[in-house]
Each structure stands twice: as C-alpha cells, then as structure tokens.
Amino acid sequence: PHHGRGILCMDILGDVVCTGSSDHGLRVYDIETGTQRRQLYSKAYGHAEWVTTCAFLQDGRILSGGMDSKLCLWDAKAVKCQDLKVHKASISKVMVDNSNIAIVSAYDNTLSIWNLDTITCENMLGGGHGKAVTEFDWKNSLCVSGDRDGFVSIWDINKAKAIKTKKTHTGQISKISLYSDGGDANLILTGGASDGVLCAIDMRTMNEVFKKQVHGGSIATIETNLSNLIVTGSADKTLKVFEILNGFKEIGKMDTKAIVCSGSLHGNVAIAGLGDGNVMFFDLDEMKAIFGFGAIAEG
C-alpha cells in the first residue's frame, strides 16, 4: 500500500502527511503509526503524469499539481477531485493559506493566484521570469519565486507586480524558504539544483549574507524551525543542519538510503521523502534516523 516510485513532494496537517509521487498518485499516512489512510488516484480522477507538489487545506482537502499541467483539488474524504486548468506547462509548486487562497507556479514562466472556496483563478503573475518558474515561497502579501536560470523575483501579490529581481545561482533554483526571527533577521534562503549551493539573502538590502556549496547534489528541501535551524536535504543522500544565528555553521549531517526528493519539519523531527519511495524520520536532537516506512519493507 505504498508508492512504487520516488516521493517528489509532501505536506503535513496535524498528525497526517500527504505524499505525491512519480507513480502519478498521492497517499495520506498517519505520522505516528506509518499506516496509510488514503490513496488519491483512480481511473476517473487524478494526474496523468508525475505529482510534483501538494498542499493541505485546513478543512482536509488537498491541492496537488503535476507534470500534466493541471491542478487537482481533492475531496477531504472521497477519492475524487476537481481539475483546475490555467497553466500551459508542468506545475512546479502549490501553497495554500488558512483562508484557502492558493499560489501556484509553473514552467510556463508564470504564477497564478486562486480562491479555492469559489474555485476561481483571481490573478496571474507574469513578467518576472524569462524561464520556467521552478520554486517559490509566500507569506502575507510577499511572494518570492525562483526560475531555471537562477533568478529570484520578489512580488507584491496585491499589485501582481515583480518589485525586485536578483541572480543567485548558476543554474536552476530548486528550493526557496522565507525565514524571519521576528526581529532583524529576515532572509530569503535559496538552494541550487545544479550547484548544491545554499544562499541566504537579506530581504531588505538583497545582499547575500551567506553563500556556500553545502551539498554534492541538487538541494531538494530547505526547512527552518523555531530553534533557528536550517535543515537541507539533497540528491547526495544526506540531510544537513545549520545554525542561522551562528554564522550558518553546520552542526549535523544525517545519511539517507536514497536521494532526498522532498522534505518537511514536524517540530524537531525532519521528514524526508526519498527517491526509492520511502519516508524517513530524523530526530534533530540526536541527529539520527528514528524510523521510516514506504515501498521497502525495512523502511
């Protein structure tokens, strides 16, 4: 009852995690027990290509996007969905806020803004990128997106306008995370697909305050927590932990059994979706794996 291929994306709501895979399906698991609750795929509903991104709504519905260029809005209980189509190429990421507003990025060089209560596309963000939009992060009215050429664009989504653009990587940006300590540290964290570089940009000045190759492969996940830690996961089969307030010092490294394709943080537990279909859980206090589940019996 698990994915037969790589887990490309995940999201958490309460005690459940949703995973999307290159097997064209999504699955919902209980985090505490590792048991599968739902499989989101059928002949009548779902994606025709790899599922590249997914996000929970607070009411239990799930929004997913795939390489088939469409969005699927899944019912909270039944295995059925509504297809939402506005993009002309693969969907790279979806995010949903507590008001059921979603932002979607795609390989057609644009982002879209959706109201998922009325199921309408309310605006398109275009002109900020000359190549495929591969990643973004979003808080309040601020959205930061990255593209295949290594450019970062900052958007005022209320005005649907890109207000700043900066080249940060030699190739595709694979991950973006917005970080704030509630004070002076307001950072844009970016990870490179081809250079393995972690970059931290001061949001006010757009100056790079940290930039270093930290992985030997593409960076697939950048997560932060309330302890001011950064956790990165990579195709080099490692997770690494950095202290933001200590000059981005690397304080931990954890090995995985396959390439890291996606990830999330649940308190002080790092969750990694792997290329072999497994999900692994790591304790950041002990810096070690605590359990796993998925396609391979031993996890």
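Trainee: In what order do the four strands of the open sheet stand, and what is their pairing?

Mentor: This is a predicted model, where local features need pLDDT of at least 70, side-chain atom pairs count only at pLDDT 80 or more, and totals for chains, interfaces and linings use all residues. Residues are numbered from 1 along each chain as its sequence is written, and side-chain values use heavy atoms, with hydrogens and water left out. Strands are DSSP runs (E, at least two residues; helices are H or I, at least four), numbered from the N terminus, and two of them pair if DSSP finds at least two bridges between them. The open sheet has antiparallel pairing and the order E9-E10-E11-E12.

Trainee: Which are the edge strands of that sheet?

Mentor: An edge strand here pairs on one side only. That applies to strand E9 (91-96) and strand E12 (120-125).

Trainee: Which residue in E12 stands opposite Asn 115?

Mentor: Strand E11, residues 111-115, runs antiparallel to E12, and five bridges join the two. Opposite Asn 115 in E12 stands Thr 120.

Trainee: How many helices and strands are there in the protein?

Mentor: Strands of a sheet pair through backbone hydrogen bonds, either parallel or antiparallel. In the protein there are zero helices and 28 strands.

Trainee: Why is the protein said to be as compact as a globular protein of that length?

Mentor: The radius of gyration is taken over C-alpha atoms, and the globule rule is 2.2 Å times the number of residues to the power 0.38. For 299 residues that rule gives 19 Å, so the protein is as compact as a globular protein of that length, its radius of gyration being close to this at 18 Å.

Trainee: What share of the 299 residues is buried?

Mentor: Buried means under 20% relative accessible area, exposed means over 50%, and partly exposed lies in between (1.4 Å probe, protein chains only). Of the 299 residues, the buried ones make up 57%.

Trainee: Which residues of E19 are buried on each face?

Mentor: In a regular strand the side chains alternate between the two faces of the sheet. Strand E19, residues 197-202, is mostly covered, with six of its six residues buried. One side carries Val 197, Cys 199 and Ile 201, and the other Leu 198, Ala 200 and Asp 202.

Trainee: Which residue in the turn between E18 and E19 has a positive phi?

Mentor: Strand E18 (residues 186-192) runs antiparallel to E19, joined by five bridges, and Gly 191 stands opposite Leu 198. The two strands form a hairpin with four residues between them, and the residue with a positive phi of about 65° is Gly 196.

Trainee: Which residue takes a positive phi in the hairpin of E19 and E20?

Mentor: E19 and strand E20 (residues 208-213) pair in the antiparallel sense over five bridges, with Val 197 opposite Gln 213. Five residues lie between these strands, and the one with a positive phi near 65° is Met 206.

Trainee: How far apart, centre to centre, are Phe 210 and Phe 248?

Mentor: Rings of Phe, Tyr and Trp (its six-membered ring) pair if their centres lie within 6.5 Å; planes under 30 degrees apart count as stacked, over 60 as edge-to-face and the rest as tilted. The structure holds two aromatic pairs. Phe 210 and Phe 248 are stacked, with 20° between the planes and a centre to centre distance of 4.8 Å.

Trainee: Is Phe 210 buried or exposed?

Mentor: Phe 210 has 14% relative accessibility, so the residue counts as buried.
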